[in-house]
Amino acid sequence: MGRRRYTPKVKAQVKLRAILFLLFLLACVAACAAPDAGFSPAAFDRIQPELFETPGAQSNSWIDYDGDGDLDLFVGMRYTPNLLYRNDGGHFVDVAAEVGLADLEDTRAGAWGDYDGDGDPDLYVGYPATAGSPNRLYRNDDGSFVDVAPGLGVDLVGTTRQPSWIDYDGDGDLDLFVALRDQPNRMFRNDGAPGDGGPAWIFTDVTAESGIGDPRRTVGVAWFDYDRDGDLDVHVSNQNGDEDAFYRNEGDGTFVDVTDPATLGVDYHSTSAVWGDADHNGLPDLVVTSYLSGIAAAEDHLFMNAGGGRFHNALPASLLENGPSHGVAWADFDGDGDLDLSIANNHETAGTHHLYCNLLDAGAAARSLQVVTVDATGRSVVPGAEVQLLDPASGGLLGTRLIDTGGGYCSQGAAPAHFGLPPGVERVDVRVTFVADGRRSTVVREGVLPADYQGRWLVVPAHDQKR
């Protein structure tokens, strides 16, 4: 999958295709609701503020690490040990030291993925080169974690940013991509056999043959099937003036900016951005966080989506305090149906990593559906799977979500795909597309009643995936 050099004419054609595709996506989003869909000002309240006060937080990600049906929270720290908050019915307890995850090194990245296919998520943790420690891969053994990176050959030393667990070769297991700020990015193919588990698992460095070892200063990565040909493509975001890159899973790439300056084009140093329907009007809203060296509270933004391509910058006052400079992640941690927000600021004294509960009223919060996509065994979450909701009567698209392949700040979690539903939507069809082996396999659940799934997730397994 080597990179190709293009003539100006071919470059223009590639760029045009990318622009048309992005415009198509924007049109789909706009078509999901009328221009007067409106928005409700978002309101949030701190949860257990004394627990989430520790400064120096960087990466954060949601995961059900213990398999009890609710979302737990991992936070990578800069100055103090890493944190793993176990969710006990909406009340959180830090268990990092107890389970073996309280690393003391400056932690820049954390990605969850079930690399060994045993049904519980494992954690890859990355550090900067200055930490002097190789990256770790923590295998999850019934809720306790042991570092297996040295034996598997993924104990990289370098300034790590976004790791991603994805099935890039379509063989049914999770491969590991690691973005690095100080050296070329790396791709490790998972060559383990299902059922082996543990030390028998093997990763092979295929960076050179895949052609994906971008040598520039990469800080962000997102994988998705942009050309809908049955394999995952990747966009890498590079820092310090380096151009970004887009790699199609056959070697093509392009550098496109379609930001509307009248809405989202704000001039500041952004570090993270995540989409989520905070007010349940059926349209995704956008949180964008900022970072300026030495400033504890750089300006952040919450763009509420009012439909018709219109956004309102409406960050609640409660989120202005020591704004989230790095990690940001949506999830419904309390099971009431709406999206709550974890934010992380790495300032050494004033930064926090507060958890904010969404105060959407109970009736509106209940208008939602959350979908988990798993492999054919029904055990392992499938990153990169696409989830769509459709109107059973018209077949019209109500929304699309992607299972996380990298986002927030150098993080990958495995939270369900969350859909807020506008008033009047009582029944939906759920269409999940799994990407593997050069093809797209679709599973449809017809006539789903979201009301039947309040407080729990709809789990959709793949039927035909290799495992």
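In which strand is Q370 found? I looked this up first and found Q370 in strand β24, residues 368–374, where strands are DSSP runs of E with at least two residues, numbered from the N terminus.

Before going on, I noted that this is a predicted model, in which local features need pLDDT of at least 70, side-chain atom pairs count only at pLDDT 80 or more, and totals for chains, interfaces and linings use all residues. Residues are numbered from 1 along each chain as its sequence is written, and side-chain values use heavy atoms, with hydrogens and water left out.

Entry on Q370. I checked its accessibility and noted Q370 as buried, at 8% relative accessibility, buried being under 20% relative accessible area with a 1.4 Å probe and protein chains only. I then listed what Q370 touches, leaving aside residues up to four places away in sequence, and found D332, G337, P416, A417, H418, W457 and L458, with contact meaning heavy atoms within 4.5 Å. With D332, the side chain of Q370 also makes a polar contact of 2.8 Å (a pair of N or O atoms within 3.5 Å, one able to donate a hydrogen and the other to accept it; residues adjacent in sequence count only if both atoms are side-chain atoms).

Entry on a hairpin. I found β25 (residues 386–390) and β26 (residues 397–402) paired in the antiparallel sense over 5 bridges, pairing requiring at least two bridges found by DSSP. V387 has R401 in β26 as its bridge partner, and among the 6 residues between the strands I noted G395, which takes a positive phi near 80°.

Note on methods. Helices (H or I, at least four residues) and strands (E, at least two) are DSSP runs, numbered from the N terminus. Buried means under 20% relative accessible area, exposed over 50%, partly exposed in between (1.4 Å probe, protein chains only).
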